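Trainee: Could we go through this structure together?
Mentor: Certainly; please bring it up first.

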Amino acid sequence: MRIFHYWRALSGIVSREVWRFLYQRERFIAALVRPLVWLFVFAAGFRSTLGIAITPPYETYILYEVYITPGLLGMIQLFNGMQSSLSMVYDREMGSMRILMVAPLPRGFLLMAKLVAGTFVSILQAYAFLGIAWLYGIQPPLDGLLWVFPALVLSGMMLGALGLLLSSFIKQLENFAGVMNFVIFPMFFMSTALYPLWKIKESSEWLYWVAQYNPFSQAVELIRFALYGQLNQYALVYTGAAFVIFMLLAILGYNPSKGMMMRKGRG
Amino acid sequence: MGRCVKTMKKPALEIEQLSFAYGKKKALDHVNLTIQPAECCILLGPNGAGKSTLFALITRLYDCREGRIALCGFDIKRESLKALATLGVVFQQTTLDPDLTVLQNLRYHAALHGMSRKQADQRIQQELERFEMYHRRKEKVRQLNGGHKRRVEIARALLHKPQLLLLDEPTVGLDMSSRQSIVAHVHALVKDDKIAVLWATHLVDEIYPDDKLVILHQGKIKANGVVSDVLQKTGTETIREAFSHLTEGMAS
């Protein structure tokens with residue numbers, strides 16, 4: 001049965017990604033330490049300088065740590081998405097992407113499965129982070145922890161698709177530094193992850209404009225509202241649309257006749 | 001999974017008038033090649049002859065624009081999924097996950113081909129036993145030497161019982177005894193399982209006398225036939241001589 005084939009392939013791809021992640025313990029620790037440093041050091045330092053007024057979804061005054069937690073969840077997924085795109089470039093050079101591509105399944109499905117696998121891993125990281133944050137005193141409502149799951153699925157898919165897109169167009173991501181400088185840092189800093197939009201508007205009009213249309217902002221807002229049991233419809237639609245666009249372009253990039261593989265894979 | 005029974009009589013690989021260029025540089029020029037079931041075809045060519053391009057086209061990494069490729073009668077473009085299901089590939093670079101165990105690597109491949117866990121484990125046992133690697137299935141791939149990694153990769157390529165096995169210089173970087181054992185294993189596969197093999201190499205000592213020999217040079221096929229025929233046509237005594245006659249002679 002065809003449907004079983006798809007299901008088995010999907011679960012095979014996901015479990016491979018999870019095993020890889022669990023075996024590479026340094027990666028797991030690094031993935032957790034990064035947002036924790038931001039939470040424990042950066043946010044704690046800024047607590048006194050940044051006052052956050054009551055804005056939805058928050059109903060009381062909040063500490064800065066509480067404000068940046070959703071942004072840090074987004075950061076985990078952003079890093080993860082870029083890292084898996086990097087591993088895809090590396091994979092392709094190592095040939096294991098080719099192994100995936102010769103599987104008798106449509107390419108769009110294979111790329112989507114790869115994306116689901118990456119997102120799954122990023123959600124494991126996100127919940128590990130939320131667990132530690134909980135012990136530190138950042139305790140969103142319990143049902144929020146449940147609602148944040150679908151939000152993380154969509155934001156993870158969107159950021160993963162962006163990574164996939166980059167991996168199909170960029171010939172060689174020689175090191176992570178390039179991606180950090182040109183993708184991760186701009187996306188992260190020019191977003192609502194660290195400061196709310198109205199606060200950005202006070203200081204810089206263009207930054208406000210960029211942050212507003214940055215898909216990462218919308219992913220973070222989606223997560224932020226979900227964490228408090230609320231749905232931000234605008235963020236949902238925006239993130240969903242960004243996912244569809246990135247994914248279609250990525251599939252195009254991996255298409256054997258139209259894509260960029262041709263220009264790259266010589267020799 | 002499984003063999004395409006209705007197409008058993010069709011050639012495992014049919015390539016007709018295949019041309020391919022990177023910009024203006026021609027990599028393949030009107031290549032014709034047919035491989036029948038139970039035929040071991042050795043593709044011999046110097047570096048840059050077009051072997052990798054040919055493999056990239058057969059595995060559909062690139063699309064062929066001029067010419068046609070069919071696997072077991074399935075057109076690689078129009079019926080790509082059916083065609084790919086009949087194909088097993090061993091790429092030049094190792095494509096196993098070093099952090100995962102042999103078993104995990106093979107199960108992953110079996111899942112991509114839609115096998116159930118039970119089917120997969122059964123096939124994995126059969127293939128690993130054939131290559132005397134079953135007792136090492138729980139080891140991480142990182143711990144295996146080059147020759148053993150290759151054996152696992154060949155076993156992996158065979159899990160879904162392909163009709164055609166593609167091997168892209170699988171013995172590069174291996175020591176003499178590992179090389180010999182892999183060459184012998186693959187030839188035994190052709191004989192016992194009636195599988196068709198396309199083996200790219202630049203090492204003449206990997207060729208058996210009754211293999212089909214195809215010499216590719218500058219994107220063109222210079223010789224195509226059983227080893228003895230090629231020797232006869234070129235008036236040479238060894239494959240090495242025939243090879244240099246066809247590649248160096250033409251170039252000058």
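Mentor: What follows is a discussion of a predicted model, its chain A and the contact with chain B.

Trainee: How many helices and strands are there in chain A?
Mentor: Chain A has 12 helices and 0 strands.

Trainee: And how many of its residues count as buried?
Mentor: Of the 267 residues in chain A, 55% count as buried. The accessible surface of chain A amounts to about 11,800 Å², and carbon and sulfur atoms account for 70% of that surface.

Trainee: What about contacts within chain A between residues at least 6 apart in sequence?
Mentor: Among those contacts, 77% join residues at least 24 apart.

Trainee: Changing topic: how many residues does each chain bring to the contact?
Mentor: Chain A contributes 33 residues and chain B contributes 35 residues. About 3,200 Å² is buried between the two chains, with 61% of that area coming from carbon and sulfur atoms.

Trainee: How many salt bridges are there between chain A and chain B?
Mentor: There are 2 salt bridges between these chains. One of them joins the side chains of Arg16(A) and Asp97(B), at 2.7 Å from N to O. The polar contacts between chain A and chain B comprise 9 residue pairs, both residues being at pLDDT 80 or more.

Trainee: Which helices of chain A supply at least two residues of the side that touches chain B?
Mentor: They are α1 (2–23), α3 (64–94), α4 (96–101), α5 (107–136) and α12 (261–264). The largest share, 10 residues, comes from α1(A).

Trainee: How do the residues on that side of chain A divide?
Mentor: The side of chain A that touches chain B has 17 nonpolar, 8 polar and 8 charged residues.

Definitions and conventions. Residues are numbered from 1 along each chain as its sequence is written. Chains are lettered from A and ligands numbered from 1 in the order in which they are written. Side-chain values use heavy atoms; hydrogens and water are left out. Contact means heavy atoms within 4.5 Å. Buried area is the accessible area (1.4 Å probe) that two parts lose on being put together, summed over both. A salt bridge is a side-chain nitrogen of Lys or Arg within 4 Å of a carboxyl oxygen of Asp or Glu. A polar contact is a pair of N or O atoms within 3.5 Å; within protein, one must be able to donate a hydrogen and the other to accept it, and residues adjacent in sequence count only if both atoms are side-chain atoms. Helices (H or I, at least four residues) and strands (E, at least two) are DSSP runs, numbered from the N terminus. Ala, Val, Leu, Ile, Met, Phe, Trp, Tyr, Cys and Pro count as nonpolar, Asp, Glu, Lys and Arg as charged, and the others, Gly among them, as polar. Buried means under 20% relative accessible area, exposed over 50%, partly exposed in between (1.4 Å probe, protein chains only). Accessible areas come from the Shrake-Rupley method with a 1.4 Å probe; for residues, only the protein chains shown count as cover.
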